[in-house]
Amino acid sequence: MTIQKIDSLYTAVATAENGRDGRVSSDDGQLDVTVNPPKAMGGSGAGTNPEQLFAAGYSACFQGALGVVARREKADISGSTVTARVSIGKTEAGGFGLEVELEASIPNVDAATAKDLLEKAHQVCPYSNATRGNIKVELSVV
């Protein structure tokens with residue numbers, strides 16, 4: 001697989017302190033959150049966690065990609081939502097891995113059109129392009 005070079009338009013910068021049990025902040029001050037392991041992983045669950053942050057970023061980015069595709073296809077996606085479910089678990093190799101489910105609700109189009117829009121957005125979305133071939137990403141329409 002060839003790594004694609006990009007013409008960078010923006011670079012986000014965030015710094016973590018104390019890993020999964022600390023704080024994450026952006027260089028511009030727009031993001032400053034406490035991170036803690038979720039209760040399901042033995043943590044306090046008092047703050048957010050990296051999987052929630054990834055789910056938030058992926059769902060927002062995918063919704064944006066859906067908008068790009070919808071404009072090209074002249075499809076009405078007003079009132080649509082994208083929910084990302086990011087799971088973390090142990091891999092067969094002994095490390096940890098992620099899986100993602102992207103679930104979209106697109107009320108103004110039929111199911112076949114919605115599925116087509118999702119597949120096309122999955123080709124456009126930078127998060128999808130970054131994860132393709134690395135983790136399982138499942139698309140579904142509700």
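Biologist: Why is there no bond between the sulfur of C61 and the closest cysteine sulfur?

Modeller: A disulfide is counted here when two cysteine sulfur atoms lie within 2.5 Å. The closest cysteine sulfur to that of C61 belongs to C125, and because the two are 3.6 Å apart, they are too far for a bond. C125 is likewise in no disulfide, with the sulfur of C61 as its nearest cysteine sulfur. Over the whole structure the search finds zero disulfides.

Biologist: What kind of model is this, and how are residues numbered and side chains treated?

Modeller: The model is predicted: local features need pLDDT of at least 70 and side-chain atom pairs count only at pLDDT 80 or more, while totals for chains, interfaces and linings use all residues. Numbering starts from 1 along each chain as its sequence is written, and side-chain values use heavy atoms, with hydrogens and water left out.

Biologist: How do I read a sheet, and what is the order of the strands β1, β2 and β3?

Modeller: Strands of a sheet pair through backbone hydrogen bonds, either parallel or antiparallel. Helices (H or I, at least four residues) and strands (E, at least two) are DSSP runs numbered from the N terminus, and two strands pair if DSSP finds at least two bridges between them. Here one open sheet of three strands has the order β1-β2-β3, with antiparallel pairing. Its edge strands, each paired on one side only, are β1 (14–17) and β3 (32–35). The twist from one strand to the next averages 20 degrees; axes are lines fitted to C-alpha atoms, for helices over the stretch in contact, and angles run from 0 to 180 degrees between N-to-C directions.

Biologist: How many bridges join β1 to β2, and which residue in β2 stands opposite A14?

Modeller: Four bridges join β1 to β2 (residues 22–26), and A14 stands opposite S26. β2 and β3 also pair over four bridges, in the antiparallel sense, with V35 of β3 as the bridge partner of G22. The hairpin of β2 and β3 has five residues between the strands, and in it G29 takes a positive phi near 80 degrees.

Biologist: What is the pairing in the sheet of β4, β5 and β6?

Modeller: That open sheet has the order β4-β5-β6, and its pairing is mixed. β4 (81–90) and β6 (136–141) are the edge strands, and the twist averages 15 degrees from one strand to the next. β5 (residues 96–105) and β6 pair in the parallel sense over six bridges; E99 has K136 in β6 as its bridge partner.

Biologist: Which strands does helix α1 touch?

Modeller: Contact means heavy atoms within 4.5 Å. Helix α1 (residues 50–73) packs on the sheet and touches β4, β5 and β6, its direction making about 145 degrees with that of β4. Helix α2 (residues 111–124) packs on the sheet as well, touching β5 and β6, at about 150 degrees to the direction of β6.

Biologist: What volume does the largest pocket have?

Modeller: Rolling a probe the size of a water molecule over the atoms shows where empty space is left. On a 1 Å grid over the protein atoms alone, using a 1.4 Å probe, a pocket is an open set of points with protein on both sides within 12 Å along at least five of seven lines, and lining residues have an atom within 4 Å of a point. Grid points are joined across faces, edges and corners, and a volume is the space filled by probe spheres set on the points. The largest pocket has a volume of about 460 Å³. Eleven residues line the largest pocket, and closest to its centre are Q4, I6, P126, N129 and A130. Helix α3 (residues 126–131) gives the most to this lining, with three residues.
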